[in-house]
Amino acid sequence: MCGIAGRVDFDRDLTRERETAQAMTDTLADRGPDDGGLWMDRHVALGHRRLSVIDIEGGKQPMTAVEHGRELAVLAYSGEVYNFRELRGQLESYGHRFHTTSDTEVVLRAYLHWGVELVDHLNGMYAFGIWDPVREELLLVRDRMGVKPLYYFPTRHGVLFGSEPKAILADPNISRTVEIDGLREVLDVVKTPGHAIYAGMHEVLAGELVRVNRSGLHRRRYWQLRAWPHPDDLPTTIRTVRELLEDIVTRQLVSDVPLCSLLSGGLDSSAVAAMAGTALAAGGAGRLRTFAVDFEPADNVQPAPDTADPPFAREMARYARTEHNEVLLDNRGLLDTGVRAAVQRAMDLPLNHWGDMWVSLHLLFRAVRERSTVALSGEAADEVFCGYPFFHDPRSVWEDAFPWIGAPGRYFDGTTLLDRGLLRKLDIPGYRRMRYWEAVGETPVLPGEDGIERRMRELCYLTLTRFLRVLLDRKDRMSMASGLEVRVPFCDHRLVEYVFNVPWSMKTFDGREKSLLRAATADLLPGSVRNRAKRGYPMTDHPGYAQGIRDELAGLVAEGDAPVLPLLDGDRVREFLRRPVEEVSRQYDRGGIETALGLNVWLTANQITLDL
């Protein structure tokens, strides 16, 4: 999967600043534990950390294209291009010659042949930087759905860039300042496209390319969701979804290292695992390895049988004949300060009111990495096929708000310990309202489209562009912190744009959530899994976890000099700490503690300056 970093500066000799370029690259070592490289010229530095997945020996980076002793292009690349074999054959027919079997070289040669239009030919998840010595131009590119991250920081004479903010912040001349909008983004559960939290820093948009040359920085969207009429009837639509999914999953099985699939026993992950297992068996590759996660139960407390994942995952594994593994997490791991510090480093942001979800995901991925280097995931199916309950709740549908949060005037429980004066200054309800109407205004609709069809298209667009980003970032950071590549078949842009344009009446033809996905994969799943209701990512409900984080907050208060304390309402914190632990065991009750602790670690570890 890898991590990339670099800099262009047309007014400086960067060969004299190798130490800084190396430091930027080294911050991404977890993303690429297998190898590293640095390529430098007078005005450019490209760094790379490699997680070896395809062509272990031949895919070293940065990769240079040289002809007749002349360097034509240099590439620092992260991700996977799933159609690289077809592209390689096409490029060979045009006369290109290859020295490796890697997808990296295919991307490099595609640039030499098509220039910036190479983006129209790629299918996959990727983020890369290409330096063109002839044009003296840097090209930054991010995949259509933004699965792989890429950040940049414009300067007077160029730009710094990296897979994560930490790479840019490794340059000692870059300020670690967070202004008021940045803190708003940190505290809310909406990710504004392009916003990078840190002052002066930006995120390359999904489906965007950024060109940097002596005339400045130039941005262009090469892909975004469009609205078009859906010509297919229901049987054709179901068949098309199935055909797309089979093609997508088969493409994403390409790997030269051990591969597995995450399996919760829900519809999404089960469909992926079933198709992956079938494709591997057909190719003679043996049984698919699957992984599920569970939590240590509290004494004398058993989860309801219809909500616990493991029984469904086991049944699906038996049905699909996978080699199944269960990862059991306990409070000791979830509360481990070293683990939580690793999560914080990977995020570059504070743990929020979903804190244990980040930590548990990291622990799961760390366990998976012991046996596999690549994992398939069911992430994004709820956004693509409208699986969340709010899609099917009339009150949520017609409320002018991001549906996963609620009315703009309602503030989520994760900030209940923050200082009241700070909350008034932040005015997150007002900020959220502004961002909501901004998102609605950019939603593509058909001429004359109105009523429920228009509204559901808006909600699908909001979820795909503002909520899915949060989940993809979480999955990317937590997996790459363990050196694990997680692939997301439901984010293939062909599937996303096809389903986005299916009418709402067809998406819910059987009166349930994810009707199309259920119908398209019905023959692959046992009845219990096929008919299982939507369940969220599991979280611990063990009271020992709530006690542990509450004790940690009490310790911060006792110390008296923790950097987060000026941001908190002291009276409310003390009142919260006096409450019985049973009252703060649920996710939303303990969310305030998670946010406070996350902010404190973030402010401390990153030496953040808040400019509010």
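**Sheets, rings and a buried helix**

Let me start with one bridge: T290 has H324 in strand 16 as its bridge partner. Now the ground rules. This model is predicted: local features need pLDDT of at least 70, side-chain atom pairs count only at pLDDT 80 or more, and totals for chains, interfaces and linings use all residues. Residues are numbered from 1 along each chain as its sequence is written, and side-chain values use heavy atoms, with hydrogens and water left out.

Some terms. Helices (H or I, at least four residues) and strands (E, at least two) are DSSP runs, numbered from the N terminus. Two strands pair if DSSP finds at least two bridges between them.

Back to T290 and H324. Strand 15, residues 289-295, runs parallel to strand 16, and seven bridges join the two. What is the strand order of the open sheet of five strands? The order is 16-15-14-17-18, with parallel pairing. Strand 16 (323-329) and strand 18 (485-487) are its edges, each pairing on one side only. Neighbouring strands here are turned by 30° against each other on average, direction ignored.

Helices lie across these strands. Helix 7, residues 267-282, crosses strand 14 (259-262), strand 15 and strand 17 (374-376). Helix 7 runs at about 150° to strand 14. Helix 8, residues 309-320, lies across strand 15 and strand 16, at about 165° to strand 16. For the angles: axes are lines fitted to C-alpha atoms, for helices over the stretch in contact, and angles run from 0 to 180 degrees between N-to-C directions. Contact means heavy atoms within 4.5 Å.

Next sheet. Six strands form an open sheet in the order 2-3-1-9-8-11, with antiparallel pairing. Strand 2 (35-41) and strand 11 (202-203) are the edge strands, and each pairs on one side only. Inside this order, strand 8 (residues 151-155) and strand 9 (residues 158-162) pair antiparallel over five bridges. T155 stands opposite G158 in strand 9. Helix 1 packs on this sheet, touching strand 1, strand 2, strand 3 (44-50) and strand 9. Its direction makes about 145° with that of strand 2.

One more strand pair. A hairpin joins strand 12 to strand 13 through two residues. Strand 12 (residues 208-213) and strand 13 (residues 216-221) run antiparallel, joined by six bridges. E208 has R221 in strand 13 as its bridge partner.

Now rings. Rings of Phe, Tyr and Trp (its six-membered ring) pair if their centres lie within 6.5 Å; planes under 30 degrees apart count as stacked, over 60 as edge-to-face and the rest as tilted. The structure holds 14 aromatic pairs. How far apart are the ring centres of F10 and W131? They are 6.3 Å apart, and with the planes at 40° the pair is tilted. F10 lies in the loop between strand 1 (3-9) and helix 1 (18-26), and W131 in strand 6 (residues 124-132), so the pair ties together parts that are 121 residues apart in sequence.

Burial, then. Buried means under 20% relative accessible area, exposed over 50%, partly exposed in between (1.4 Å probe, protein chains only). F10 is buried at 11% relative accessibility, and W131 at 4%.

Y77 and F128 make another tilted pair: 6.1 Å centre to centre, 50° between the planes. Y77 is in strand 5 (residues 70-81) and F128 in strand 6, 51 residues apart. Both Y77 and F128 are buried. Ring pairs also build a cluster, with Y388, F402, W437 and W504 among its members.

Charges over rings. A charge sits over a ring if NZ of Lys or CZ of Arg is within 6 Å of the ring centre and within 35 degrees of the ring normal. The charged end of R532 sits over the ring of F312, 4.1 Å from its centre. The charged end of R457 sits over the ring of F500, at 5.1 Å.

On to helix 11, residues 355-369. Its 15 residues reach 21 Å from first C-alpha to last, close to the 21 Å expected at 1.5 Å a residue. That expected span is 1.5 Å times one less than the number of residues. Why is helix 11 described as largely enclosed by the rest of the structure? Because 13 of its 15 residues are buried.

H362 lies in helix 11. Is H362 buried or exposed? H362 is buried, with a relative accessible area of 3%. Leaving out residues up to four places away in sequence, H362 touches V339, A342, V343, M478, A481 and S482.

Last residue: D393, in the loop between helix 12 (381-384) and helix 13 (394-398). D393 is partly exposed, at 26% relative accessible area.
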